Amino acid sequence: MFKRKLTIPDFLLIVVNLIPLYGVWFEGWDAQPVFLVYCMETVIIGLVNVIKMACITIFVRQKDVWENGGSNSMQSGWFFIFFFIIHYGFFVFIQTQIFFAVSKMIPDRSFLMSYSKIPELLGDNGKLMLLIFIAYYTVQSIFSFFSSGNYKTISLGRQMFEPYMRIFVQQFVVILGSIFLTFGAGKIFILVFVIAKIFFELFINFERFLAITEKRQRLKEEREKKN
(Lines give C-alpha, C1' and ligand atoms only; values in the text may rest on other atoms or scores of the structure.)
Protein backbone atom coordinates (compact mmCIF):
# COMPACT_ATOMS: atom_id res chain seq x y z
CA MET A 1 0.00 0.00 0.00
CA PHE A 2 2.83 2.38 0.85
CA LYS A 3 5.93 3.23 -1.14
CA ARG A 4 9.06 3.49 0.98
CA LYS A 5 12.05 3.94 -1.32
CA LEU A 6 12.40 7.29 -3.07
CA THR A 7 13.74 7.44 -6.62
CA ILE A 8 15.18 10.23 -8.77
CA PRO A 9 11.73 10.98 -10.28
CA ASP A 10 10.39 11.27 -6.73
CA PHE A 11 12.95 13.95 -5.91
CA LEU A 12 12.05 15.75 -9.14
CA LEU A 13 8.42 15.64 -8.05
CA ILE A 14 9.39 17.33 -4.79
CA VAL A 15 11.28 20.08 -6.62
CA VAL A 16 8.46 20.68 -9.11
CA ASN A 17 5.91 21.10 -6.32
CA LEU A 18 8.19 23.27 -4.19
CA ILE A 19 8.53 25.82 -7.01
CA PRO A 20 4.98 27.24 -6.61
CA LEU A 21 5.30 27.09 -2.82
CA TYR A 22 8.50 29.14 -2.98
CA GLY A 23 6.92 31.55 -5.46
CA VAL A 24 3.87 32.25 -3.30
CA TRP A 25 5.79 32.55 -0.03
CA PHE A 26 8.94 34.36 -1.11
CA GLU A 27 8.37 35.89 -4.56
CA GLY A 28 4.93 37.37 -4.03
CA TRP A 29 3.09 35.11 -6.48
CA ASP A 30 -0.69 35.24 -6.33
CA ALA A 31 -2.05 32.00 -4.84
CA GLN A 32 -5.05 31.92 -7.19
CA PRO A 33 -3.14 31.13 -10.42
CA VAL A 34 -1.18 28.47 -8.53
CA PHE A 35 -4.34 26.68 -7.48
CA LEU A 36 -5.65 27.04 -11.03
CA VAL A 37 -2.52 25.30 -12.34
CA TYR A 38 -3.06 22.44 -9.89
CA CYS A 39 -6.63 22.30 -11.12
CA MET A 40 -5.35 22.10 -14.72
CA GLU A 41 -2.99 19.32 -13.68
CA THR A 42 -5.99 17.03 -14.04
CA VAL A 43 -6.06 17.80 -17.76
CA ILE A 44 -2.32 17.16 -18.13
CA ILE A 45 -2.54 13.76 -16.46
CA GLY A 46 -5.53 12.85 -18.62
CA LEU A 47 -3.72 13.76 -21.85
CA VAL A 48 -0.66 11.78 -20.79
CA ASN A 49 -2.89 8.80 -20.12
CA VAL A 50 -4.37 9.09 -23.62
CA ILE A 51 -0.83 8.94 -25.01
CA LYS A 52 -0.12 5.81 -22.96
CA MET A 53 -3.31 4.11 -24.14
CA ALA A 54 -2.53 5.04 -27.74
CA CYS A 55 0.96 3.53 -27.40
CA ILE A 56 -0.51 0.27 -26.08
CA THR A 57 -2.99 0.19 -28.97
CA ILE A 58 -0.40 0.94 -31.64
CA PHE A 59 2.58 -1.07 -30.40
CA VAL A 60 1.20 -3.91 -28.26
CA ARG A 61 -2.42 -4.88 -28.91
CA GLN A 62 -5.12 -3.40 -31.07
CA LYS A 63 -7.94 -4.94 -29.02
CA ASP A 64 -8.49 -5.78 -25.37
CA VAL A 65 -11.15 -7.17 -23.06
CA TRP A 66 -13.92 -4.73 -22.22
CA GLU A 67 -15.63 -5.64 -18.95
CA ASN A 68 -19.17 -4.38 -18.51
CA GLY A 69 -21.52 -5.61 -15.80
CA GLY A 70 -20.04 -9.09 -15.65
CA SER A 71 -20.00 -9.58 -19.42
CA ASN A 72 -16.82 -9.39 -21.47
CA SER A 73 -16.22 -8.46 -25.08
CA MET A 74 -13.23 -7.61 -27.24
CA GLN A 75 -13.07 -3.94 -28.16
CA SER A 76 -10.64 -1.81 -30.13
CA GLY A 77 -8.08 0.16 -28.20
CA TRP A 78 -9.46 3.30 -29.84
CA PHE A 79 -12.83 2.53 -28.26
CA PHE A 80 -11.14 2.51 -24.84
CA ILE A 81 -9.49 5.84 -25.65
CA PHE A 82 -12.73 7.40 -26.87
CA PHE A 83 -14.59 6.23 -23.76
CA PHE A 84 -11.84 7.58 -21.51
CA ILE A 85 -11.85 10.99 -23.21
CA ILE A 86 -15.63 11.33 -22.81
CA HIS A 87 -15.76 9.97 -19.25
CA TYR A 88 -12.66 11.74 -17.97
CA GLY A 89 -13.55 14.91 -19.86
CA PHE A 90 -16.91 15.04 -18.11
CA PHE A 91 -15.15 14.60 -14.78
CA VAL A 92 -12.74 17.46 -15.60
CA PHE A 93 -15.64 19.67 -16.64
CA ILE A 94 -17.50 19.12 -13.35
CA GLN A 95 -14.34 19.60 -11.30
CA THR A 96 -13.34 22.85 -13.01
CA GLN A 97 -16.86 24.25 -12.80
CA ILE A 98 -16.93 23.56 -9.05
CA PHE A 99 -13.52 25.20 -8.70
CA PHE A 100 -14.61 28.31 -10.60
CA ALA A 101 -17.84 28.56 -8.63
CA VAL A 102 -16.28 28.15 -5.19
CA SER A 103 -13.18 30.28 -5.79
CA LYS A 104 -15.19 33.02 -7.55
CA MET A 105 -12.22 33.60 -9.85
CA ILE A 106 -14.59 34.13 -12.78
CA PRO A 107 -17.67 36.27 -12.04
CA ASP A 108 -19.19 35.45 -15.43
CA ARG A 109 -20.35 31.86 -15.11
CA SER A 110 -21.02 31.28 -18.82
CA PHE A 111 -19.49 28.10 -20.21
CA LEU A 112 -17.25 29.59 -22.89
CA MET A 113 -16.25 32.60 -20.81
CA SER A 114 -15.01 30.40 -17.95
CA TYR A 115 -12.46 28.53 -20.06
CA SER A 116 -11.50 31.38 -22.36
CA LYS A 117 -10.31 33.37 -19.34
CA ILE A 118 -7.91 30.68 -18.10
CA PRO A 119 -4.81 32.02 -19.96
CA GLU A 120 -5.48 35.50 -18.59
CA LEU A 121 -6.03 34.21 -15.05
CA LEU A 122 -2.83 32.19 -15.11
CA GLY A 123 -0.61 35.19 -15.76
CA ASP A 124 3.09 34.84 -16.54
CA ASN A 125 3.98 32.92 -13.39
CA GLY A 126 1.06 30.55 -13.78
CA LYS A 127 1.90 29.86 -17.42
CA LEU A 128 5.52 29.15 -16.50
CA MET A 129 4.42 26.78 -13.77
CA LEU A 130 1.97 25.06 -16.13
CA LEU A 131 4.74 24.50 -18.70
CA ILE A 132 6.95 23.00 -15.98
CA PHE A 133 4.15 20.65 -14.95
CA ILE A 134 3.47 19.63 -18.57
CA ALA A 135 7.16 18.91 -19.19
CA TYR A 136 7.58 16.99 -15.94
CA TYR A 137 4.49 14.80 -16.15
CA THR A 138 4.94 14.05 -19.85
CA VAL A 139 8.62 13.11 -19.68
CA GLN A 140 8.47 11.33 -16.32
CA SER A 141 5.29 9.36 -17.00
CA ILE A 142 6.12 8.30 -20.55
CA PHE A 143 9.73 7.42 -19.69
CA SER A 144 8.67 5.36 -16.68
CA PHE A 145 5.91 3.71 -18.70
CA PHE A 146 8.31 2.43 -21.34
CA SER A 147 11.45 1.86 -19.27
CA SER A 148 9.57 -0.35 -16.81
CA GLY A 149 8.05 -2.39 -19.63
CA ASN A 150 4.63 -1.75 -18.13
CA TYR A 151 3.18 -0.93 -21.53
CA LYS A 152 3.65 -4.56 -22.59
CA THR A 153 1.58 -6.11 -19.81
CA ILE A 154 -0.98 -3.62 -18.52
CA SER A 155 -4.51 -4.00 -19.85
CA LEU A 156 -6.23 -1.09 -21.54
CA GLY A 157 -8.99 -1.25 -18.96
CA ARG A 158 -6.51 -0.96 -16.11
CA GLN A 159 -4.64 1.85 -17.86
CA MET A 160 -7.87 3.69 -18.52
CA PHE A 161 -8.72 3.92 -14.82
CA GLU A 162 -5.18 4.52 -13.57
CA PRO A 163 -5.44 8.33 -13.12
CA TYR A 164 -8.73 8.42 -11.25
CA MET A 165 -7.78 7.53 -7.69
CA ARG A 166 -4.88 9.99 -7.57
CA ILE A 167 -6.96 12.73 -9.18
CA PHE A 168 -9.91 12.25 -6.82
CA VAL A 169 -7.67 12.90 -3.82
CA GLN A 170 -5.85 15.83 -5.37
CA GLN A 171 -8.85 17.64 -6.77
CA PHE A 172 -10.81 17.31 -3.56
CA VAL A 173 -7.99 19.18 -1.85
CA VAL A 174 -7.77 21.75 -4.68
CA ILE A 175 -11.49 22.52 -4.43
CA LEU A 176 -11.14 22.75 -0.66
CA GLY A 177 -8.27 25.17 -1.22
CA SER A 178 -10.46 27.33 -3.44
CA ILE A 179 -12.67 27.93 -0.40
CA PHE A 180 -9.65 29.23 1.50
CA LEU A 181 -8.88 31.56 -1.41
CA THR A 182 -12.17 33.36 -0.85
CA PHE A 183 -11.06 34.13 2.72
CA GLY A 184 -7.59 35.29 1.69
CA ALA A 185 -5.86 32.32 3.30
CA GLY A 186 -4.36 30.92 0.11
CA LYS A 187 -0.78 31.38 1.29
CA ILE A 188 -1.29 29.20 4.35
CA PHE A 189 -3.34 26.61 2.56
CA ILE A 190 -0.89 26.16 -0.30
CA LEU A 191 1.73 25.20 2.27
CA VAL A 192 -0.58 22.51 3.66
CA PHE A 193 -1.67 21.48 0.18
CA VAL A 194 1.85 21.04 -1.23
CA ILE A 195 2.97 19.03 1.80
CA ALA A 196 -0.11 16.79 1.56
CA LYS A 197 0.28 16.38 -2.21
CA ILE A 198 3.94 15.42 -1.95
CA PHE A 199 3.11 12.90 0.79
CA PHE A 200 0.32 11.23 -1.20
CA GLU A 201 2.34 11.19 -4.43
CA LEU A 202 5.45 9.74 -2.80
CA PHE A 203 4.18 7.37 -0.15
CA ILE A 204 0.76 6.15 -1.28
CA ASN A 205 0.91 3.41 -3.90
CA PHE A 206 -2.19 4.23 -5.95
CA GLU A 207 -1.36 1.53 -8.51
CA ARG A 208 -1.47 -1.11 -5.79
CA PHE A 209 -4.82 0.17 -4.55
CA LEU A 210 -6.14 -0.10 -8.10
CA ALA A 211 -4.73 -3.60 -8.53
CA ILE A 212 -6.34 -4.79 -5.28
CA THR A 213 -9.69 -3.26 -6.27
CA GLU A 214 -9.48 -4.89 -9.69
CA LYS A 215 -8.64 -8.28 -8.17
CA ARG A 216 -11.53 -8.09 -5.71
CA GLN A 217 -13.93 -7.20 -8.50
CA ARG A 218 -12.82 -10.20 -10.56
CA LEU A 219 -13.16 -12.54 -7.59
CA LYS A 220 -16.65 -11.18 -6.96
CA GLU A 221 -17.63 -11.77 -10.60
CA GLU A 222 -16.24 -15.32 -10.48
CA ARG A 223 -18.26 -16.09 -7.35
CA GLU A 224 -21.41 -14.71 -8.95
CA LYS A 225 -20.89 -16.88 -12.04
CA LYS A 226 -20.48 -20.00 -9.90
CA ASN A 227 -23.68 -19.23 -8.02
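Helices here are DSSP runs of H or I that hold at least four residues, and they are numbered from the N terminus. With that in hand, a first pair to look at is F161 and Y164, which both sit in helix α7. These two residues are 3 residues apart, about one turn of the helix. The model is a predicted one, so everything below is computed from predicted atoms.

How are the two rings arranged? Their centres are 5.6 Å apart and their planes make an angle of 45 degrees, so the pair of F161 and Y164 is tilted. Tilted is the label for planes that are neither under 30 degrees apart nor over 60. The two partners don't share the same kind of surroundings, though: Y164 has a relative accessible area of 8% and is therefore buried, whereas F161, at 37%, counts as partly exposed. Helix α7 covers residues 156–182, and another of its aromatic residues is F172. With a relative accessible area of 58%, F172 is exposed.Stepping back to the whole chain, the fold is mostly a matter of helices by count: the protein chain has 9 helices and 2 strands. Read from the N terminus, the elements run α-α-β-β-α-α-α-α-α-α-α. The chain has 227 residues, and 41% of them count as buried. Its accessible surface comes to about 12800 Å², with 67% of that belonging to carbon and sulfur atoms. Contacts tell a story about sequence distance, too. Of the contacts with a separation of 6 or more, 76% are between residues 24 or more positions apart.

Salt bridges come next, and the count is 4. One of them joins E41 and K197, whose closest N and O atoms are 3.2 Å apart. This pair links distant parts of the chain: E41 belongs to helix α2 (residues 31–59) and K197 to helix α8 (residues 186–203), with their positions 156 residues apart. Are these two charged partners buried or exposed? Both E41 and K197 turn out to be buried.

Helix α2 takes part in another of these bridges. The side chains of K52 and E162 meet at 3.6 Å, N to O. Here again distant parts of the chain are linked, since K52 is in helix α2 and E162 in helix α7, 110 residues apart. Both K52 and E162 are buried. A further salt bridge, between R61 and D64, has its closest N and O atoms 3.4 Å apart. R61 is buried, and D64 is as well.

K52 also turns up among the neighbours of S141, a residue of helix α5 (residues 118–147). Leaving out residues up to four places away in sequence, S141 touches V48, K52 and Y136. The side chain of S141 also reaches the backbone oxygen of Y137, at 2.8 Å. Why does S141 count as buried? Its relative accessibility is 13%, and the cut-off for buried is under 20%.

Helix α5 holds F133 as well. F133 counts as buried because its relative accessibility is 1%. What does F133 touch, once neighbours within four places in sequence are set aside? The answer is V16, N17, V37, Y38, E41 and I44. E41 is the salt-bridge partner of K197, and its C-alpha lies 7.4 Å from that of F133, although the two are 92 residues apart in sequence.

Now for the rings as a group. A pair of aromatic rings is described by the distance of the centres and the angle of the planes. The structure contains 18 aromatic pairs. Ring pairs link F35, Y38, F133, Y136, Y137 and F193 into a cluster. Some of these names have come up already: F133 touches Y38, Y136 is touched by S141, and the backbone oxygen of Y137 is reached by the S141 side chain.

Finally, the cysteines. How many disulfides does a search of the whole structure find? The count is 0. C39 counts as buried because its relative accessibility is 1%, and C55 is buried as well, with a relative accessible area of 11%. C39 can also be placed relative to F172: their C-alpha atoms are separated by 10.0 Å, while the residues are 133 positions apart along the chain.

Definitions and conventions: Residues are numbered from 1 along each chain as its sequence is written. This is a predicted model: local features need pLDDT of at least 70, side-chain atom pairs count only at pLDDT 80 or more; totals for chains, interfaces and linings use all residues. Side-chain values use heavy atoms; hydrogens and water are left out. Buried means under 20% relative accessible area, exposed over 50%, partly exposed in between (1.4 Å probe, protein chains only). Contact means heavy atoms within 4.5 Å. Accessible areas come from the Shrake-Rupley method with a 1.4 Å probe; for residues, only the protein chains shown count as cover. A polar contact is a pair of N or O atoms within 3.5 Å; within protein, one must be able to donate a hydrogen and the other to accept it, and residues adjacent in sequence count only if both atoms are side-chain atoms. A disulfide is a pair of cysteine sulfur atoms within 2.5 Å. Rings of Phe, Tyr and Trp (its six-membered ring) pair if their centres lie within 6.5 Å; planes under 30 degrees apart count as stacked, over 60 as edge-to-face and the rest as tilted.
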